[in-house]
Amino acid sequence: MRRSFPLLAALTPLALVLATAAAAQTAGPSDSVGPIQISGFVPNNICTLGNLSDGDNLFDVGVMIDTATGLLRPDLSAPPKVLTGTQCSSRSLLTIAATTMTAQAFTATPPAGFSRAVDYTATASGWTPTSASYSTGSSVNAAATQVRETPGAADITISLSNFATTGGDALHPVADDTYQGAVVVTLAAAS
């Protein structure tokens with residue numbers, strides 16, 4: 001009989017494990033909570049302008065006059081700037097504004113036949129069906145704000161054109177190392 005005892009003792013831990021497992025399965029109901037709802041939202045009025053593709057926020061038009069005549073160059077231009085990654089989650093308004101390029105060091109009244117300012121047209125295209133444009137020489141800029149009816153994402157191209165000496169094409173721009181103006185593009189959600 002002694003031989004059967006060790007065998008019985010060896011089976012007892014296994015039997016104990018099986019009994020414990022069976023008891024755990026029939027221990028009774030468990031508690032649970034849920035479903036717990038999850039909530040969030042995306043505002044319908046978020047608009048962000050992208051980044052300038054070349055990382056440079058300067059339109060450089062270079063030498064502005066025809067050195068033979070002293071008059072503003074008729075072919076004056078600057079490469080366009082592109083705002084990449086622009087997006088808006090709702091109907092939106094694109095607005096462009098600009099300031100006349102003015103001589104920075106020459107601040108006195110210019111002599112007869114000269115001007116210390118250059119007008120131009122700034123245009124923002126690619127976001128709205130009609131480009132937004134602003135002419136610094138105009139007192140009314142009805143096209144400066146344009147509407148996009150739907151949410152979306154697109155690049156916006158900003159360009160300059162139609163340079164003209166303030167006061168008339170027959171005027172010479174005064175000599176100055178720096179003429180400066182500025183363009184501001186705004187994107188806003190519209191109701």
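User: Strands here are DSSP runs of E with at least two residues, and helices are H or I runs of at least four, numbered from the N terminus. How many of each are in the chain?

Analyst: The chain has one helix and eleven strands. The order from the N terminus is α-β-β-β-β-β-β-β-β-β-β-β. This is a predicted model, with local features needing pLDDT of at least 70 and side-chain atom pairs pLDDT 80 or more, while totals for chains, interfaces and linings use all residues. Numbering runs from 1 along each chain as its sequence is written, and side-chain values use heavy atoms, without hydrogens or water.

User: Which residues sit nearest the centre of the largest pocket?

Analyst: Leu58, Phe59, Met101, Tyr179 and Gly181, out of 29 lining residues. A pocket is an open set of points on a 1 Å grid over the protein atoms alone, where a 1.4 Å probe fits with protein on both sides within 12 Å along at least five of seven lines; lining residues have an atom within 4 Å of a point.

User: And which strand gives the most to that lining?

Analyst: β11, with six residues. β3, β9 (152-165) and β11 (179-189) each supply at least two.

User: Switching topic, what does the disulfide join?

Analyst: Cysteine 47 and cysteine 88, S to S 1.8 Å (the cut-off is sulfur atoms within 2.5 Å). Cysteine 47 is in strand β1 (residues 47-48) and cysteine 88 in strand β3 (residues 81-88), so the bond ties together parts 41 residues apart in sequence. The structure holds one disulfide.

User: Are those cysteines buried or exposed?

Analyst: Both cysteine 47 and cysteine 88 are buried, meaning under 20% relative accessible area (1.4 Å probe, protein chains only), with exposed being over 50%. Across the 191 residues of the chain, 26% are buried.
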